[in-house]
Amino acid sequence: MNAPAKLPLPTVADVEDAARQLRGVAVRTPLLENPYLNERLGGRLLIKAEPLQVTGSFKFRGAYNRISRLNPEERKRGIVAFSSGNHAQACAWAAKITNTPAVIVMPSDAPKIKISNTRAYGAEVVLYDRQNEDREAIGRRYSEERGMTLVPPFNDPYIISGQGTIGLEIAAQCAERDIKPDAVLAPASGGGLISGISLAIRDRLPGTDVYCAEPDQFDDIDLSLKAGRIVSHAGKGTTFCDALMAPHPGDLTFGVMNANLKGAVSATDAEVETAMATTFHYFKLVVEPGGACALASVLNGKLSCANRIVVVVTSGGNVDSALYSAIIGRASPV
């Protein structure tokens, strides 16, 4: 569900406030580098390892930043969210640790690990048919019937600001190494992650380009940036990047991205498999398909790191073991 257009766009001050809210709760995930991979690529590639975040993805940052700010009455009535899995798990855990009831609307074909984890965190899971039902309508119904606060997956100032804390960490970690990246790249669907990151990077690392990465043919952000308005990808293809299938960006996320992003790149499923194998081989890091899309867009040459320093966010690691095993068994690292 899009937030009302009257809401102001978040700023870097909001990201800084989110960092204070998350202190001691979220993990400051490492920025990883491998000299052998750098040699292969001819530059410096740094991996921001969000699979090591609470609940296995960056989504916890935004979910906690939003849910922890509910007043006592709102917390008593609870929250409702819709998600293919990572936002679902993040909201479920953030709700649990803040003693807030949670209903999570999830597609019935979501990865089993994401559904089971969401239930294990104590949320009530409502499954729907991705092809024939409207998750936003289901979420609105629960919100209206039970008086629950709707926590959208990306188009919310607190969600965007929470995800933006990754950008603050990247800037600080680069400063600790006395380096300035030429580019920062992260996977994108609705744009909450990359819009938040762009606010922090533009403030802390002026001159560093910020890009988003989308699955091939699920390029709504690329289309929107080029058109100067929100455009849907219209479901032109298929992808196993289940976390990156939003049809279009939100009004808030697009407003931030349109002001801050250098552009958007993409990767095919086969290229994503190569990226997953690469993170396993060089970093011993489990990354889900959607979480590997940005890395895939570097490895395929859409955004080269030759003679440059590039920071790539691997956004999540919640992947069914059977799928992961099959991919690692057939795909080769670069």
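This briefing walks through the pockets, the salt bridges and one buried residue of the structure above. The model is a predicted one, so please read every value here as computed from that model. Two pockets come up, with volumes of about 780 Å³ for the largest and about 240 Å³ for the second largest. The salt bridges come to 18 in total, and a few of them are picked out below.

**The largest pocket**

- Rolling a probe the size of a water molecule over the atoms shows where empty space is left.
- The largest pocket has a volume of about 780 Å³.
- Its lining has 40 residues, and those closest to the centre are Arg135, Ser189, Met245, Ala246 and Pro247.
- Three elements each give two or more residues to this lining: helix H5 (86-97), helix H7 (135-146) and helix H9 (192-204).
- Helix H9 gives the most, with 3 residues.
- By type, the lining of the largest pocket holds 18 nonpolar, 15 polar and 7 charged residues.

**The second largest pocket**

- The second largest pocket has a volume of about 240 Å³.
- Its lining is made up of Ala19, Leu22, Arg23, Gly24, Ala26, Val27, Arg28, Arg61, Thr165, Leu168, Glu169 and Ala172.
- Helix H1 (12-22) and helix H8 (157-176) are the elements that give two or more residues to this lining.
- Helix H8 gives the most to the lining of the second largest pocket, with 4 residues.
- Sorted by type, the lining of the second largest pocket has 6 nonpolar, 2 polar and 4 charged residues.

**A salt bridge between H1 and H9**

- Side chains of opposite charge can pair when their charged atoms come close.
- Glutamate 16 and arginine 204 meet through their side chains in a salt bridge, at 3.0 Å from N to O.
- This pair links distant parts of the chain, since glutamate 16 sits in helix H1 and arginine 204 in helix H9, 188 residues apart.
- Glutamate 16 has a relative accessible area of 26%, so it counts as partly exposed.
- Arginine 204 is also partly exposed, at 37% relative accessibility.
- Arginine 204 forms a salt bridge with aspartate 203 too, and here the closest N and O atoms are 2.5 Å apart.
- Aspartate 203 is partly exposed, because its relative accessible area is 40%.

**A buried salt bridge and its network**

- Glutamate 169 and arginine 61, both in the lining of the second largest pocket, have side chains that meet in a salt bridge at 2.9 Å from N to O.
- Glutamate 169 lies in helix H8 and arginine 61 in helix H3 (residues 59-67), so the pair ties together parts that are 108 residues apart in sequence.
- Are these two residues buried or exposed? Glutamate 169 counts as buried at 13% relative accessibility, and arginine 61 is buried with a relative accessible area of 1%. Both values fall under the 20% cut-off for buried, which is why the word applies.
- Glutamate 169 and arginine 61 also belong to a network of salt bridges that includes Lys48 and Glu50.

**A closer look at threonine 55**

- Where is threonine 55 found? Threonine 55 is in the loop between strand S2 (44-49) and helix H3.
- Threonine 55 counts as buried, because its relative accessibility is 10%.
- Leaving aside residues up to four places away in sequence, threonine 55 touches Phe60, Gln89, Ala90, Trp93, Tyr121 and Asn318.

Terms used
Residues numbered from 1 in each chain as written. Predicted model: local features only at pLDDT ≥ 70, side-chain atom pairs only at ≥ 80, totals over all residues. Heavy atoms only, no water. 1 Å grid on protein atoms, 1.4 Å probe; cavity = no way out; pocket = protein on both sides within 12 Å on 5 of 7 lines; lining within 4 Å. Points joined across faces, edges and corners; volume = space filled by probe spheres on them. Nonpolar A, V, L, I, M, F, W, Y, C, P; charged D, E, K, R; others polar. Salt bridge = Lys/Arg side-chain N within 4 Å of Asp/Glu carboxyl O. Buried < 20%, exposed > 50% of the residue type's maximum accessible area, 1.4 Å probe, protein only. Contact = heavy atoms within 4.5 Å.
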